[in-house]
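Here are my notes on this model, written as numbered points for a reader who is new to looking at structures. Please keep the sequence and the 3D view open while going through them.

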Amino acid sequence: MKNKFHHLRNNLPKDEALKKVHSENFKRITLSFYRYVKIKNPQEMRNELWKEWNEIGCLGRIYLAHEGINAQMSVPEHHWETFVTKLYARPEFTDVPFKIGINQNPDSFWKLAIKVRDQIVADGLTMDDYDITNVGNHLSAKEFNEAMEDPETVVVDMRNHYESEIGHFDGALYHEVNTFREQLPLVAEDIKDKKDKKILLYCTGGIRCEKASAYLKHKGFKDVNQLHGGVIAYKHQVEQEGLANKFKGANYVFDGRTKEGISNEIISNCHQCGAPCDTHQNCKNKTCNLLFLQCESCKEKMNGCCTSRCKKISLWPEEKQLRYYKKNGHKTKKNFSKSIERKKNLMKKTIWEKILKFFGK
Ligand SMILES: [Zn+2]
Ligand SMILES: [Zn+2]
């Protein structure tokens with residue numbers, strides 16, 4: 001089975017694939033969509049979709065599971081009609097709503113990767129932890145704004161720490177976690193004495209709240225609500241309907257290089273110099289790979305790295321770096337799980353440097 005379909009993937013190295021995307025003479029539409037729906041044979045559908053989408057030049061990251069689909073992708077503008085018609089012709093995906101990205105960044109996607117998984121969002125829950133047909137109420141931006149007016153309402157940010165850091169709703173609870181999987185039990189514990197209060201959940205595009213709201217309801221929370229379509233839809237509605245914007249800062253979308261300004265203010269700081277900054281950078285030392293906020297001038301000074309040690313490694317000849325990566329690459333994952341502590345250390349150092357500078361040392 002595996003061999004039969006082994007050709008159904010892109011094999012171009014990343015830099016070449018990116019070059020190809022950059023030299024395209026047509027526009028791409030960046031979008032995301034998801035649906036919880038029963039898919040009988042995800043592997044079969046995966047192969048069909050891959051062929052169908054590869055033919056018309058779609059790129060992206062798509063997860064398929066027995067429980068549904070979660071897609072982040074780009075479609076050549078001139079093939080948009082074909083894409084939508086064919087997708088909607090599948091009974092599982094008829095009329096699935098799209099979220100169209102505002103910033104059309106050519107770096108967002110460079111290959112078409114469709115993966116079959118157990119779940120479309122990694123949450124570590126089993127079917128006994130929630131009932132996906134019993135989710136929270138879906139609120140529009142206007143309804144969400146109104147609900148937030150009540151001081152008794154509890155607003156919870158269901159995104160990762162690096163997402164909340166650059167933008168969030170005023171007064172929202174957020175958690176220092178790297179993954180949704182860690183966050184769910186933490187949220188339930190954090191607000192366990194608020195089971196009778198109105199709970200408002202939000203995330204980037206709405207998908208995480210589907211699971212989170214089902215989970216909280218299963219845990220006994222009575223009035224669970226979620227921002228329909230997430231912050232992405234919120235922005236559109238605020239603009240179209242002229243509503244008050246209660247989201248401060250930028251919305252982190254799709255991947256580390258893409259963000260959408262929601263309000264004009266920057267609420268976060270460069271982790272190295274403390275200047276206002278909402279641009280994420282993955283440390284150029286691949287074994288470190290820390291995702292942190294770095295301003296342009298620090299980026300230049302540090303060669304896109306988080307510490308001078310990482311900078312040193314990033315300046316080695318490529319071959320030496322590759323050898324080092326081969327030997328230490330396994331640490332990358334472990335490093336990621338520690339990224340919150342590592343980021344805090346960076347910030348501490350920043351404060352110390354500022355103090356020393358102040359005293360002219
Ligand atoms: Zn800086
Ligand atoms: Zn680093």
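1. A convenient place to begin is a single pair of residues: Phe33 has Ala71 in β3 as its bridge partner. The pairing to which these strands belong is an antiparallel one, in which β1 and strand β3 (residues 68-76) are joined over nine bridges. Please bear in mind throughout that this is a predicted model, and that each value below was computed from it.

2. Widening the view from that pair, one finds an open sheet of five strands, whose order is β4-β1-β3-β2-β5 and whose pairing is mixed. The edges of this sheet are taken by β4 (99-100) and β5 (112-116), each of which has a single partner strand, so one side of each is left without a neighbour in the sheet. When looking at any of these strands, it may help to recall that in a regular strand the side chains alternate between the two faces of the sheet.

3. How is the chain divided into domains? The domain assignment gives three of them, namely domain 1 (14-116), domain 2 (129-241) and domain 3 (269-358). Between the C-alpha centres of domain 1 and domain 2 there is a distance of 27 Å, and where these two domains meet, five residues of domain 1 are in contact with seven residues of domain 2. On the domain 1 side of this meeting place, the most is given by strand β1 (residues 28-36), which supplies three residues. Sorted by class, that side of domain 1 consists of two nonpolar residues, two polar residues and one charged residue.

4. The next point concerns the largest nonpolar core, which has 55 residues, and in which Val156, Leu201 and Tyr202 touch the most other members. Helix α7 (residues 207-218) gives the most to this core, with six residues, and at least three residues are drawn from each of domain 1 (14-116) and domain 2 (129-241). Apart from this core lies another one, of 14 residues, which includes Cys270, Cys283, Met302 and Cys305.

5. Which residues does Leu201 touch? Leaving aside residues up to four places away in sequence, Leu201 touches Gly136, Val156, Met158, Cys209, Ala212, Ser213, Asn225 and Gln226. One of these can also be followed through the strand pairing, where Val156 stands opposite Leu201 in β9; the strands concerned, β7 (residues 154-157) and β9, run parallel and are joined by four bridges.

6. Is strand β9 mostly buried or mostly exposed? Four of the five residues of β9 (residues 198-202) are buried, so this strand is largely enclosed by the rest of the structure. A similar description can be given for β10, which is mostly covered, with four of its five residues buried.

7. Strands β9 and β10 (residues 223-227) are also paired with each other, in the parallel sense and over four bridges. Within this pairing, Lys198 has Asp223 in β10 as its bridge partner, while Leu200 stands opposite Asn225 in β10. Together with the helix α7, these two strands make a right-handed β-α-β unit.

8. Strand β10 has a further pairing to check, with strand β6 (residues 137-139), to which three bridges join β10 in a parallel arrangement. Here the bridge partner of Asn137 is Asn225 in β10, so that residue deserves a second look, having already appeared opposite Leu200.9. Finally, two residues call for a look at the backbone. Most residues other than glycine have a negative phi, and most peptide bonds are trans. Asp95 has a phi near 60°, which is a positive value in a residue other than glycine, and Asp95 is placed in the loop between α3 (80-88) and β4. Because 7 other C-beta atoms lie within 10 Å, Asp95 counts as exposed. Asn303 likewise has a positive phi, near 55°, and lies in the loop between α9 (296-302) and α10 (308-314). With 16 other C-beta atoms within 10 Å, however, Asn303 is partly exposed.

Definitions and conventions. Residues are numbered from 1 along each chain as its sequence is written. Chains are lettered from A and ligands numbered from 1 in the order in which they are written. This is a predicted model: local features need pLDDT of at least 70, side-chain atom pairs count only at pLDDT 80 or more; totals for chains, interfaces and linings use all residues. Domain bounds come from an automatic or database domain assignment. Ala, Val, Leu, Ile, Met, Phe, Trp, Tyr, Cys and Pro count as nonpolar, Asp, Glu, Lys and Arg as charged, and the others, Gly among them, as polar. A nonpolar core is a set of buried Ala, Val, Leu, Ile, Met, Phe, Trp, Tyr and Cys residues joined through C-beta atoms within 7 Å. A residue is buried if 20 or more other C-beta atoms lie within 10 Å of its own, exposed if 12 or fewer, and partly exposed in between; C-beta atoms are placed from the backbone. Two strands pair if DSSP finds at least two bridges between them. A crossover is right-handed if, with the strands pointing away from the viewer, the path from the first strand over the helix to the second runs clockwise.
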